Amino acid sequence: MKAVRLVQPGRRLELQEVEVPAAGPGELLVRVKAAGICHSDAHYRAGKSRVQPLPLTLGHEVAGVVETAGAGATNFSPGERVCLHYLVTCGECGHCQGGSEQFCASAAMIGKHRDGGYAEFIAIPSRNAFRLPDEIPFEQGAILMCSSATALHALNKARLQPGESVAVFGTGGLGFSAIQLAIALGAREVFAVDIKLGKLERAKGLGAVPVNAAECDPVLEIRRLTGGGGVDVALELIGLPRTMQQAVRVLAIKGRAALAGITDKTFEVAPYEEVLNKEAEIIGVSDHLAQELPLLIQMVRDGKLILSKAITRTVPLEAGAINEALDGLEGFGEDVRVVITM
Ligand SMILES: [Zn+2]
Ligand SMILES: [Zn+2]
């Protein structure tokens, strides 16, 4: 079969002819119909994030059709439409059993630690597969498995309750889903903070109150808009010390700031005024969980999470087109959303 693979970090991906993998016990062989090209894949290609073993087929946002089911994988039959949870875990350790499988010591991500979806087929444990309803296109099923899932996990970690107010810092791929999900989960008001007019306009179209941080101090502005109170939940989806600090400072009494943007830089917090005195919480968000995916799929089915406008274009399974899409992500940021279709 054809597979587009990372052979060496820092080099262009290559189209290789490889063996069709076999569905082992408890596994499915899935014929890939769509694979999202994610910003992380650009990092993997550039060598900013370690991928092994090499060569490896990239692609962790995958949807397709069950081709064959291995021994014991009785919950699916050939022909069923599925989307795939990208983290393959042991399913048995304390973390897996306790509902925090992202900390499983043997966790392996498809497209990073084992072959992913930039290929005609992928073999994966059947418990990583989720039924994709007919009304959700494969392209949407694929991209649902990454940023949308992490946006939902961030809202879950922040324990958003109906009637609460939310501030979303960063309205790119994650924010696009986070705004819609927060509204679907009953948020009273969602403030969308960004500096790009196009993104703010789009956030407004989704029902958020746009806050242009290029023109105002978003903390003061949101405090003003909430009568001085601040918000119950703030999501930081950018990964900048400054916006992390703003997410903490904008919190109301008992507010929760969930940080999902990645940075290795530090940011300052005034312990008494910003945290203790309000019993505010700063919460880390790492990835997402398989158990969150059925609700997410249902939300797309119900029209509460609309992803049709999230996909910029589709490309075939060819190294040139995929490398070009990765170049675009490196150059223009996460607003470009390209999906490989087969
Ligand atoms: Zn991704
Ligand atoms: Zn485990």
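# A guided tour, starting at Asn-323

Select Asn-323 and show what surrounds it: leaving aside neighbours within four places in sequence, Asn-323 is in contact with Arg-12, Leu-13 and Arg-45. Keep in mind along the way that this is a predicted model. Now colour helix 10, residues 319–332, and you will find Asn-323 within it. Is Asn-323 buried or exposed? With a relative accessible area of 3%, Asn-323 is buried, because anything under 20% counts that way.

## Stop 1: from Arg-45 to Glu-330

Stay with Arg-45, one of the contacts of Asn-323. Add Glu-330 to your selection, and you have a salt bridge between Glu-330 and Arg-45, whose closest N and O atoms are 3.1 Å apart. This pair links distant parts of the chain: Glu-330 sits in helix 10, while Arg-45 belongs to helix 1 (residues 39–46), and 285 residues separate them. Switch on a surface to see how the two partners sit. Arg-45 counts as buried at 5% relative accessibility, whereas Glu-330 counts as partly exposed at 44%.

## Stop 2: Leu-6

Next, go to strand 1, residues 2–6, and pick Leu-6. Its relative accessibility is 0%, so Leu-6 counts as buried. What does Leu-6 touch, not counting residues up to four places away in sequence? The list runs through Arg-11, Leu-13, Tyr-44, Arg-45, Val-51, Leu-54, Pro-55, Leu-56 and Leu-58. Arg-45 and Leu-13 should look familiar, as both are also contacts of Asn-323. For Leu-54, try the distance tool: from C-alpha to C-alpha, Leu-6 and Leu-54 are 6.9 Å apart in space, with their positions 48 residues apart in sequence.

## Stop 3: the zinc ion

Now select ligand 2, a zinc ion, and show the side chains around it. Which residues coordinate this zinc ion? They are Cys-90, Cys-93, Cys-96 and Cys-104, each through its SG atom, at 2.3 Å. The angles subtended by the four donor atoms run from 105 to 115°, so the arrangement is tetrahedral. Along the sequence, the donor residues follow the spacing C-x2-C-x2-C-x7-C. Two of these residues deserve a closer look: Cys-93 lies in the loop between strand 7 (87–88) and helix 2 (94–97), and Cys-104 in the loop between helix 2 and strand 8 (108–109), so the pair ties together parts that are eleven residues apart in sequence. Cys-93 is partly exposed, with a relative accessible area of 23%, while Cys-104 counts as buried at 6%.

## Stop 4: a six-stranded sheet

Switch to a cartoon view and look for an open sheet of six strands, ordered 13-12-11-14-15-16 and paired in parallel. Strand 13 (209–212) and strand 16 (281–284) form the edges, each pairing on one side only. From one strand to the next, the twist averages 20°. Then colour helix 6, residues 218–225, which packs on the sheet. Helix 6 touches strand 11 (165–169), strand 12 (189–194), strand 13, strand 14 (231–236) and strand 15, and its direction makes about 145° with that of strand 13. Zoom in on strand 15 (residues 251–259) beside strand 16: the two pair in the parallel sense over four bridges. Here Leu-259 stands opposite Gly-284 in strand 16.

## Stop 5: more salt bridges

Side chains of opposite charge can pair when their charged atoms come close. How many salt bridges does a search of the whole structure find? It finds 16.

Select Glu-61 and Arg-337 for one of them, with the closest N and O atoms 2.7 Å apart. Glu-61 is in strand 5 (residues 61–69) and Arg-337 in the loop between helix 10 and strand 18 (338–341), 276 residues apart. Both ends of this bridge are buried: Glu-61 has a relative accessible area of 0%, and Arg-337 has 10%.

Return to strand 16 for another bridge, where Arg-159 pairs with Glu-281, the closest N and O atoms being 2.7 Å apart. Arg-159 lies in the loop between helix 3 (138–157) and strand 11, and Glu-281 in strand 16, so the pair ties together parts that are 122 residues apart in sequence. Arg-159 is partly exposed at 38% relative accessible area, and Glu-281 is partly exposed at 29%.

For a last selection, show Arg-12, Arg-45, Asp-327 and Glu-330 together: salt bridges that share partners join them into one network. That brings you back to the start, since Arg-12 and Arg-45 are both in contact with Asn-323.

Methods
Residues numbered from 1 in each chain as written. Chains lettered and ligands numbered in written order. Predicted model: local features only at pLDDT ≥ 70, side-chain atom pairs only at ≥ 80, totals over all residues. Heavy atoms only, no water. Buried < 20%, exposed > 50% of the residue type's maximum accessible area, 1.4 Å probe, protein only. Contact = heavy atoms within 4.5 Å. Donors = N, O, S within 2.8 Å, 3.2 Å for Na, K, Ca; no water. Tetrahedral: all angles 85-135°; square planar, octahedral: opposite > 155°, others 65-115°. Pairing = 2+ DSSP bridges. Axes fitted to C-alpha atoms, helices over the stretch in contact; angles between N-to-C directions. Salt bridge = Lys/Arg side-chain N within 4 Å of Asp/Glu carboxyl O.
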